[in-house]
Number of protein chains: 2
Amino acid sequence: MPARTNAPHACPIRDVLDRVGDAWSVLVLTELAQGPCRFNALGRVVAGISPRMLAVTLRHLERDGLVTRTVLDTKPPQVEYTITARGTSLHAALGGLVDWAARHQVAINESRQVFDTKV
Amino acid sequence: MPARTNAPHACPIRDVLDRVGDAWSVLVLTELAQGPCRFNALGRVVAGISPRMLAVTLRHLERDGLVTRTVLDTKPPQVEYTITARGTSLHAALGGLVDWAARHQVAINESRQVFDTKV
DNA sequence: CTGTATCCATGCCGATACTG
DNA sequence: CAGTATCGGCATGGATACAG
């Protein structure tokens, strides 16, 4: 039962946590929270992401109704991704966690160092 | 750059999100939020977890100062795990996300069905 | 520009067996 | 009871090449 491979859980909340656990989803969502963005522009801002993972991530976010995908009939064609209200609310909910992380980050690193030197 | 394998990120928040993304960490932390628990008792409650992953997960949580490990000198020796204040606060912060998930879960599933039938 | 298809290295994690 | 050691399958995701 390894996280997101199988899902025999009765707990549907897992779906959402799995999305949050996905590194790229959070980064992309955070980026789109600042305004609409095109594919390659996202690829540049979210450093290190491959086209493949960017496409997969965007597809997931779109499937969950967190972002919308609109094709502009420019030449050459461009695609703009925009965060939805639902996506914005998730980003806000995520903010609570991020705040927690920011507040405890130093203490956690200290704990880790102590733990590592003891072992 | 797959999530938690490498970490060339300047973003330290990732560490925390990685922990949240780990399925077992959240489940174990949630369980311990209800009160102290011993190793095998946890193994029974967190259905499906292997001794290995339970040990790994608990060590991670302990390393981050989210739980404490106390050896009782009983016969046979038992080990009790207890959530710390820091762990409790993380669990609380997690609550915001869980609430969000609960509120949007139905709509998300609808979006997924729509998306899947369109493709 | 915006993706998709394929290949393959990496490493996670379940199973099993064993120790203090 | 509370773990650790080892093995191996398998999903994840990066690299590359290519298509619309």
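Which residues come nearest to DNA strand C? Of the 19 residues around the strand, those are N40(A), R69(A), Y81(A), R52(B) and M53(B). Being near here means having a heavy atom within 4 Å of the strand.

Before going on, a word on conventions. This is a predicted model, in which local features need pLDDT of at least 70 and side-chain atom pairs count only at pLDDT 80 or more, while totals for chains, interfaces and linings use all residues. Residues are numbered from 1 along each chain as its sequence is written, chains are lettered from A and ligands numbered from 1 in the order in which they are written, and side-chain values use heavy atoms, with hydrogens and water left out.

Let me start with chain A as a whole. Its secondary structure comes to five helices and three strands. These are DSSP runs numbered from the N terminus, with helices being H or I of at least four residues and strands being E of at least two. The order from the N terminus is α-α-β-α-α-β-β-α. The radius of gyration of chain A is 17 Å, well over the 14 Å that the globule rule gives for 119 residues, so the chain is more spread out than a compact globule. That radius is taken over C-alpha atoms, and the rule is 2.2 Å times the number of residues to the power 0.38. Along the principal axes, the C-alpha atoms fill a box of roughly 60 × 35 × 25 Å. Of the 119 residues in chain A, 39% are buried, that is, under 20% relative accessible area with a 1.4 Å probe, counting protein chains only.

Next, the sheet. Chain A has an open sheet of three strands in the order β1-β3-β2, with antiparallel pairing. β1 (37-38) and β2 stand at the edges with a single partner strand each, so one side of each has no neighbour in the sheet. Strands count as paired if DSSP finds at least two bridges between them; β2(A) and β3(A) have six. These two strands form a hairpin with five residues between them. Within the pairing, T70(A) has E80(A) as its bridge partner, and T68(A) has T82(A).

The loop of that hairpin holds a cis bond. In chain A, the peptide bond from K75(A) to P76(A) is cis, with omega near 5°, and P76(A) lies between β2 (67-72) and β3 (78-83). Chain B has a cis bond joining K75(B) and P76(B), with omega about 5°. Most peptide bonds are trans.

Back to the DNA. How much of the contacted part of DNA strand C is sugar or phosphate? Of its atoms within 4 Å of the protein, 81% belong to sugar or phosphate, and the rest to bases. Phosphate oxygens of the strand lie 3.3 Å from a side-chain N or O atom of R38(A), 3.2 Å from one of R59(A) and 3.5 Å from one of S50(B). The elements giving two or more residues to this surface are α3 (39-45), α4 (51-63) and β3 of chain A, together with α4 (51-63) of chain B. By type, the surface divides into ten nonpolar, four polar and five charged residues. Here Ala, Val, Leu, Ile, Met, Phe, Trp, Tyr, Cys and Pro count as nonpolar, Asp, Glu, Lys and Arg as charged, and the others, Gly among them, as polar.

Key: Polar contact = N/O pair within 3.5 Å; in protein donor to acceptor, adjacent residues only side chain to side chain. Buried < 20%, exposed > 50% of the residue type's maximum accessible area, 1.4 Å probe, protein only.
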